[in-house]
Amino acid sequence: MDAAAVLVETSDMNVYDRHVVDLSNGLESVPVLIQQKSDSVQTFPAFQYSPDNVEGPGCTVDPSEVTLPGCSCHSLSCFTVSCPCLQTHGQTYDSTGTLLNISRTDTGYCSPVFECNALCTCSDNCSNRVVQRGLRLMLEVYSTGNRGWGVRTLEPIPRGTFVCEYAGEVISFEEARHRQLTQGPEENNYIIAIREHAGTGSIMETFVDPALVGNVGRFLNHSCLPNLFMLPVRVHSLVPRLALFAGRDIDAQEELTFDYSGGYSNQPPVQLLSTQSDAAIQASRTNGLQRKTCHCGANSCAKFLPLDLSILR
């Protein structure tokens, strides 16, 4: 049965009475389900669903523009011995599309991930095309109670599997700062900041906010003991996609979470900062922001959510 066909809405289109709805309205390859009890008073946030990043205020690069070169491979799947994409950036996935080197996330740093793109002549089934294929797992947005909305998987997820993107508006630092400082005490901060070190002293920053335009990733809760981790993955553009992978085997019906500070080994955010300069930037950007209590329930819980939702690479 088409999940979208079971939608029953109130007049304000903000409270759902039936068991499931396709949140993506058919924009994903599989429906993103919503579960809410008919007697629930919790309202669903109004936002525009988009599977991909979109250009937001202050963004100087269109995330949908193809700016990276492609390979000329004509095989079903690319091979390291002949593919310039793999030779330049290394092999990220095995033949099934599973992430090869998960242990690198324990340090808080990772090598750049580049997939084959729209200019590549390899097939759509190439093993170096994973994140760009979009959502493939059955996920459900549901009411968690004391942590608002959350996301759980309806099927087992093996370790290293791509789960979903954290997609939204790509905005400037100035816009990100403005949005954070103008938020009310009960409003959620969805902004993720990616800071990548180019190795020559230059730093590339990307800010993604799914509050107004986003995908299922906007409903993922923070945990100090998460089962997902985030990697910046580039496909067609220099603007990275924020891809979430399973850090361990995940059971069906288990809630999906990631560490908003960017870690996967339960380190406090300050231990993920690469230099004293990074620490100074972090301190300056969190000035004036209030800390919110963490309700993840982990034994290693830090008690408060990270002030700056940032993935440092």
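In the predicted model, a polar atom of the histidine 236 side chain lies 3.0 Å from the backbone nitrogen of alanine 118. Histidine 236 belongs to the loop that links strand 12 (228-234) with strand 13 (241-246), where strands (E, at least two residues) are DSSP runs numbered from the N terminus. When neighbours within four places in sequence are set aside, the contacts of histidine 236 (heavy atoms within 4.5 Å) are Glu65, Val66, Thr67, Leu68, Asn117, Ala118, Gln132 and Arg241. Residues are numbered from 1 along each chain as its sequence is written, and side-chain values use heavy atoms, with hydrogens and water left out. As this is a predicted model, local features need pLDDT of at least 70 and side-chain atom pairs count only at pLDDT 80 or more, whereas totals for chains, interfaces and linings use all residues.

Strands 12 and 13 also take part in an open sheet of four strands, which has the order 4-12-13-7 and mixed pairing; two strands are taken to pair if DSSP finds at least two bridges between them. Strand 4 (113-114) and strand 7 (162-165) form the edges of this sheet, each pairing on one side only. Strand 7 and strand 13 run antiparallel and are joined by three bridges, and cysteine 164 stands opposite leucine 244 of strand 13.

The largest nonpolar core, a set of buried (under 20% relative accessible area, 1.4 Å probe, protein chains only) Ala, Val, Leu, Ile, Met, Phe, Trp, Tyr and Cys residues joined through side-chain atoms within 4.5 Å, has 37 residues, and Leu23, Leu139, Val141, Val163, Tyr166, Leu256 and Phe258 have the most contacts inside it. Among the elements that give two or more residues to this core are strand 5 (139-143), strand 7 and strand 14 (255-258), while strand 13 gives the most, with three residues. Leucine 139 touches, among others beyond four places in sequence, Pro31, Val32, Leu33, Val163, Cys164 and Leu256. A second, separate core of 13 residues includes Tyr93, Val113, Leu231 and Phe245.

The mean pLDDT (the predictor's confidence in each residue, from 0 to 100) is 81 for the protein, with 75% of residues reaching 70 or more. Among the elements, strand 7 has the highest mean pLDDT (98) and strand 15 (residues 310-312) the lowest (42). The pLDDT is below 50 over residues 309-313, and it stays under 50 over residues 1-18, for which the model has 32 contacts beyond four places in sequence. Where pLDDT is low, predicted coordinates should not be read in detail.

Methods. A polar contact is a pair of N or O atoms within 3.5 Å; within protein, one must be able to donate a hydrogen and the other to accept it, and residues adjacent in sequence count only if both atoms are side-chain atoms. Buried means under 20% relative accessible area, exposed over 50%, partly exposed in between (1.4 Å probe, protein chains only).
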